[in-house]
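Thanks, everyone, for making the time this morning. I would like to talk through one structure with you, beginning with a single charged residue and working outwards from there.

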Amino acid sequence: MLYPSQSLETKRLMTAEVDAASVVQLLESPFAAQLDTFWVDWSAIGDDGARAIANSPHMKKMENLVLKNAALSIEGVKALLTSENLPALKFLSVWGNNITY
């Protein structure tokens with residue numbers, strides 16, 4: 001369970017229970033705009049979660065995004081790389097995903 005009322009700058013989530021719906025819940029929080037680092041490891045956010053991150057207007061401050069073993073495909077990665085909502089992004093890790101192109 002995510003608690004959107006928490007103040008955030010860095011959020012690290014390491015659990016198989018984190019899915020795309022959990023990411024959407026976090027991104028709908030007004031505190032999501034404070035995020036500069038978001039680390040999701042061993043989860044099932046998949047391409048839907050990646051698209052939610054890419055489409056969120058709250059990600060303007062995001063500098064570091066780690067989506068390890070997060071059930072991503074090349075489509076989710078493309079959504080992140082082409083997003084206009086991630087202008088500050090300096091580091092993206094998608095290690096451990098089954099990405100082919």
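Let me start with Asp47, which in this predicted model is buried and yet has no salt bridge. The nearest side chain of opposite charge belongs to Arg51, and that side chain is 4.7 Å away, whereas a salt bridge, as counted here, needs a nitrogen within 4 Å of a carboxyl oxygen. So what is Asp47 in contact with, once we leave aside its neighbours within four places in sequence? The answer is Ala71, Leu72, Ser73, Glu75 and Gly76. Of these, Glu75 is one I will come back to, as it has a salt bridge of its own, with Lys78.

Now, Asp47 sits in helix 2, which runs over residues 46–55, and the setting of that helix deserves a moment. Why can we call helix 2 largely enclosed by the rest of the structure? Because seven of its 10 residues are buried, and those are Gly46, Asp47, Gly49, Ala50, Ala52, Ile53 and Ala54. If you look for what these buried residues pack against, you will find helix 1 (20–27) and helix 3 (74–81), together with strand 2 (37–41) and strand 3 (64–68).

Staying with helix 2, where does Arg51 find a partner, given that Asp47 has no salt bridge? Arg51 meets the side chain of Asp48 in a salt bridge, at 2.7 Å from N to O, and both residues lie in helix 2, three residues apart, which is about one turn of the helix. Asp48 is exposed, with a relative accessible area of 52%, while Arg51 counts as partly exposed at 35%. So we have two aspartates next to each other in the numbering, of which Asp47 is buried and Asp48 is exposed.

That pair is one of three salt bridges that the structure holds. Another is in helix 3, where the side chains of Lys78 and Glu75 meet at 3.9 Å, N to O, and here too the two residues are three apart, about one turn of the helix. Lys78 counts as partly exposed at 44% relative accessibility, and Glu75 is likewise partly exposed, with a relative accessible area of 42%.

The remaining one joins Lys68 to Asp41, with the closest N and O atoms 3.7 Å apart. Since Lys68 lies in strand 3 and Asp41 in strand 2, this pair ties together parts that are 27 residues apart in sequence. Asp41 is buried, with a relative accessible area of 3%, and so, for the two buried aspartates I have mentioned, Asp41 has a salt bridge with Lys68, whereas Asp47 has none.

Let me turn to the backbone. Most residues other than glycine have a negative phi, and I would like to point out two places that depart from this. Trp42 has a positive phi of about 55° although it is not a glycine, and it lies in the loop between strand 2 and helix 2. Asn69 also has a positive phi, of about 50°, again without being a glycine, and it is found in the loop between strand 3 and helix 3. Are these two residues buried or exposed? Trp42 counts as exposed at 55% relative accessibility, but Asn69 is buried, with a relative accessible area of 14%.

One further residue in helix 3 is Leu81, which is exposed, with a relative accessible area of 60%. Its C-alpha atom is separated by 8.2 Å from that of Ala54, although the two residues are 27 apart along the chain, and Ala54 is one of the buried residues of helix 2.

Finally, let me step back to the chain as a whole. There are three helices and four strands, and, read along the sequence, they follow the pattern β-α-β-α-β-α-β. Of the contacts between residues at least 6 apart in sequence, 84% join residues at least 24 apart. Buried residues make up 46% of the 101 residues, and the accessible surface comes to about 5,500 Å², of which 54% belongs to carbon and sulfur atoms.

Technical notes: Residues are numbered from 1 along each chain as its sequence is written. This is a predicted model: local features need pLDDT of at least 70, side-chain atom pairs count only at pLDDT 80 or more; totals for chains, interfaces and linings use all residues. Side-chain values use heavy atoms; hydrogens and water are left out. Buried means under 20% relative accessible area, exposed over 50%, partly exposed in between (1.4 Å probe, protein chains only). Lys and Arg count as positive and Asp and Glu as negative; His and the chain ends are not counted. Contact means heavy atoms within 4.5 Å. Accessible areas come from the Shrake-Rupley method with a 1.4 Å probe; for residues, only the protein chains shown count as cover.
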